Amino acid sequence: MEMKDYRTIVVGTDGSSLAEPTGGRAAWLAKHDDADLIIICAYSQLSRRAEAKNVANLGGDTRTGQVLGREAASLALSDAMRVARAEGATVTAALLIDGDPARALVSTAQEREADLIVLGAIHDRSLADRLLGNTATEVTKHARCDVLVVRPEHDLGELEVPEDVPVDG
């Protein structure tokens, strides 16, 4: 089997403490293989009413670990672009996608004919993780390309992802 360089790499970011090493790994690979790098930040933009309905119907917020709000996602995306540029990678697209992170990564990789998806993941053994799955699990199940899961060097505990600050008005 002949090994080939990656041509297009898709990386997900969420602004958590694992986002920088994940983006850095993807950027290093993109520079090494002279590949295009596409950075994605998926977020949830629910109104307060829709959020309350979601919690009431499902018994909890199923968006755990997802960036909440476009502004927070935009900041996470800017940070990831800074990391990629510092590594010398060529960023060909930086996308904010309102929706599920796993679906956003897989569909973008398919649309852009990516060879690799890079994402970060912790070893989550929570009940919600076992019942609903997590982004890394869903991506590895559905991706048609290689998937690289970046793990933290040290236990980071529960990762906090950014969210917009509500404006009362």
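1. Start with what packs over helix α1 in this predicted model. The cover on the buried residues of α1 includes strands β1 (8–12), β2 (36–44), β5 (116–120) and β6 (146–150). Helix α3 (70–87) is also among the covering elements.

2. Which residues of α1 are buried? They are Ala19, Thr22, Gly23, Gly24, Ala26, Ala27, Leu29, Ala30 and Asp33. Look at the spacing in that list with one rule in mind. An α-helix has 3.6 residues a turn, so residues three or four places apart point the same way.

3. Check the length of α1 next. The helix holds 15 residues, 19–33. At 1.5 Å a residue, a span of 21 Å is expected, because the rule multiplies 1.5 Å by one less than the number of residues. The end C-alpha atoms are 21 Å apart, so expectation and model agree.

4. Now see how α1 ends. Asp34 follows the helix, and its phi is positive. The value is near 55 degrees, in a residue other than glycine. Most residues other than glycine have a negative phi. Asp34 sits in the loop between α1 and β2. Is Asp34 buried or exposed? Its relative accessible area is 67%, so Asp34 is exposed, the cut-off being over 50%.

5. Glu113 deserves a look too. It lies in the loop between α4 (101–111) and β5. Its phi is positive, near 55 degrees, and Glu113 is not a glycine. Its relative accessibility is 60%, so Glu113 counts as exposed.

6. Turn to strand β5. Four of its five residues are buried, so the strand is mostly covered. β5 pairs with β1 through three bridges, and the two run parallel. Val10 has Ile117 in β5 as its bridge partner. β5 also pairs with β6, through five bridges, again in parallel. Here Leu116 stands opposite Asp146 in β6.

7. Thr8 belongs to strand β1. What does Thr8 touch, leaving aside neighbours within four places in sequence? Its contacts are Ala35, Asp36, Ile38, Arg112, Glu113, Ala114, Asp115 and Leu116. Glu113, the residue with a positive phi, is therefore worth finding again in that list. Thr8 has 10% relative accessibility, so it counts as buried, which needs a value under 20%.

8. Thr13 lies in the loop between β1 and α1. At 9% relative accessibility, Thr13 counts as buried. Residues up to four places away in sequence are left out of the contact list. What remains is Ala19, Ile39, Ile40, Cys41, Ala42, Ala76, Leu77 and Ala80. Ala19 is also one of the buried residues of α1.

9. Finish with the cysteines. Cys41, one of the residues touched by Thr13, has 0% relative accessibility and counts as buried. Cys145 is buried as well, with a relative accessible area of 17%. How many disulfides does the model have? The count comes to zero, where a disulfide needs two cysteine sulfur atoms within 2.5 Å.

Conventions
Residues are numbered from 1 along each chain as its sequence is written. This is a predicted model: local features need pLDDT of at least 70, side-chain atom pairs count only at pLDDT 80 or more; totals for chains, interfaces and linings use all residues. Side-chain values use heavy atoms; hydrogens and water are left out. Buried means under 20% relative accessible area, exposed over 50%, partly exposed in between (1.4 Å probe, protein chains only). Contact means heavy atoms within 4.5 Å. Two strands pair if DSSP finds at least two bridges between them.
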